Amino acid sequence: MASPTVELTIDRPAADGLAPCTLSELLAYFLRLGTTGFGGPIALVGYMQRDLVEKRRWISRQDYVEGLALAQLAPGPLAAQLAIYLGWVRGGVTGATLVGVAFVLPSFVMVLAISALYLRYGGLAWMQGAFYGIGAAVIAIIARSAYKLVRMTLARDRLLWVLFAVSALVTASTESELVWVFLLCGVAALTVKTMGRLPRPRTALGLAPLWLVTGLHGVAPPGLLLRVFTYFAEAGAFVFGSGLAIVPFLYGGVVGDFHWLTERQFLDAVAVAMITPGPVVITVGFIGYLVAGPVGATLAALGVFLPCYLFVVIPAAYFRRSVNDPRVKAFVDGVTAAATGAIAGAAFVLGRRSLIDIPTVAIGLATLLILTYVRKVPEPLVILAAGLIGLVLKGVVGQ
């Protein structure tokens with residue numbers, strides 16, 4: 001009786017030129033990538049291509065390209081969806097599930113630790129000073145990511161530029177990400193380019209220790225826990241593009257609608273995602289922790305990653321038959337343009353809150369210049385340097 005490992009390695013290497021790969025080897029790779037993979041979704045996607053396609057030859061170029069296309073089409077974090085798809089390619093549903101967990105788990109554990117420290121010592125001057133500098137650097141990173149996405153996705157397509165501008169203006173003016181704007185942009189691109197038509201939890205936490213559901217505002221009631229899960233599941237189901245595309249969506253709900261966090265605390269949450277490896281969208285774990293403790297962090301992470309997992313695993317077997325359909329591609333192009341515009345709008349909205357004086361403006365500009373012209377400097381190192389500068393500045397001015 002063949003084991004899962006044997007099933008993963010038999011025949012395929014000889015048939016398509018791929019190197020042998022066991023499920024445990026694939027899991028070890030994604031566990032390591034989730035632990036050390038800094039740089040955001042674009043960098044993580046690049047690491048997978050370099051390591052799995054070019055160096056190890058565990059994944060064919062065609063499988064990689066198709067997985068990237070599906071990740072762009074489906075809502076949710078780009079890098080996590082690509083990882084899940086590649087796990088499905090080599091190990092079916094079991095491989096997709098285990099790879100998804102291995103990729104997300106390291107950064108989630110790190111965020112839990114940082115969240116606990118923040119909740120306990122968030123009022124201390126040293127932490128406020130660190131995030132004073134980090135918040136400014138984060139704005140520069142978001143703006144640079146938007147610029148890179150513009151270059152990658154819009155090119156010279158005038159329609160996509162219009163959709164990008166509309167989405168950016170709507171996000172900047174409303175200070176939130178509107179799902180209907182994304183969908184309308186996708187439909188607009190589909191209509192103009194092809195003139196076709198678009199085809200068609202219950203919980204038992206009553207006996208849990210109270211510290212597991214305690215956040216900034218005390219013990220979270222069951223109704224709030226359910227709201228945390230459903231809200232972040234909605235975010236995972238309707239946010240397209242890179243991990244940063246979730247920032248404007250979360251800002252509108254977490255700060256504006258529910259008042260779970262202040263603007264300062266929300267920027268701190270984004271900063272935590274920037275200084276930890278793995279998918280940027282893990283920021284939801286930090287937010288969930290501040291709202292409802294470790295249980296809130298877990299529910300937020302489950303909520304945001306469950307839709308992206310389902311959107312990959314369920315249609316994966318059928319996706320290859322439609323990946324080259326021009327109607328599908330046109331809709332994806334429109335949604336991607338809208339997502340890029342939302343990121344640009346979010347950079348503007350958050351920048352007004354974070355770049356509050358000359359030192360923060362200077363930190364933001366310096367971060368942008370360093371990441372643009374000193375290409376070998378990793379983003380986490382720049383973020384940590386900005387935090388140290390913030391500590392020094394806060395110490396000097398005595399705030």
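A residue counts as buried when its relative accessible area is under 20%. By that yardstick, 26 of the 31 residues of helix H13 are buried in this predicted model, so H13 is largely enclosed by the rest of the structure. The helix, which covers residues 283-313, is also far from straight: a straight helix of 31 residues would span 45 Å, whereas the end C-alpha atoms of H13 are only 24 Å apart. A bend of about 145 degrees is found at Ala292, and a proline, Pro294, follows within four residues.

Cysteines offer a brief aside. A search of the whole structure returns 0 disulfides. Cys21 is buried at a relative accessible area of 1%, and Cys308 is buried at 0%.

Aromatic contacts give a fuller picture, with a count of 11 aromatic pairs. One of these joins Trp161 and Phe164 in an edge-to-face arrangement, with 5.7 Å between centres and 80 degrees between planes. The two residues lie 3 apart in helix H8 (residues 158-174), so about one helical turn separates Trp161 from Phe164. Trp161 is partly exposed at 38% relative accessibility, while Phe164 is buried at 14%. A stacked pair is formed by Phe258 and Trp260, with centres 4.7 Å apart and planes at 20 degrees. Here Phe258 is partly exposed, at 27%, and Trp260 is buried, at 9%. Both belong to a cluster in which ring pairs link Tyr231, Phe232, Phe258 and Trp260.

A charge also meets a ring: the charged end of Arg56 sits over the ring of Trp58, 5.3 Å from the ring centre.

Definitions and conventions. Residues numbered from 1 in each chain as written. Predicted model: local features only at pLDDT ≥ 70, side-chain atom pairs only at ≥ 80, totals over all residues. Heavy atoms only, no water. Disulfide = S-S within 2.5 Å. Buried < 20%, exposed > 50% of the residue type's maximum accessible area, 1.4 Å probe, protein only. Expected span 1.5 Å × (residues − 1). Bend = angle between axes of the 7 residues up to and from the residue. Phe/Tyr/Trp six-rings, centres within 6.5 Å; stacked < 30°, edge-to-face > 60°. Lys NZ or Arg CZ within 6 Å of the ring centre and 35° of its normal.
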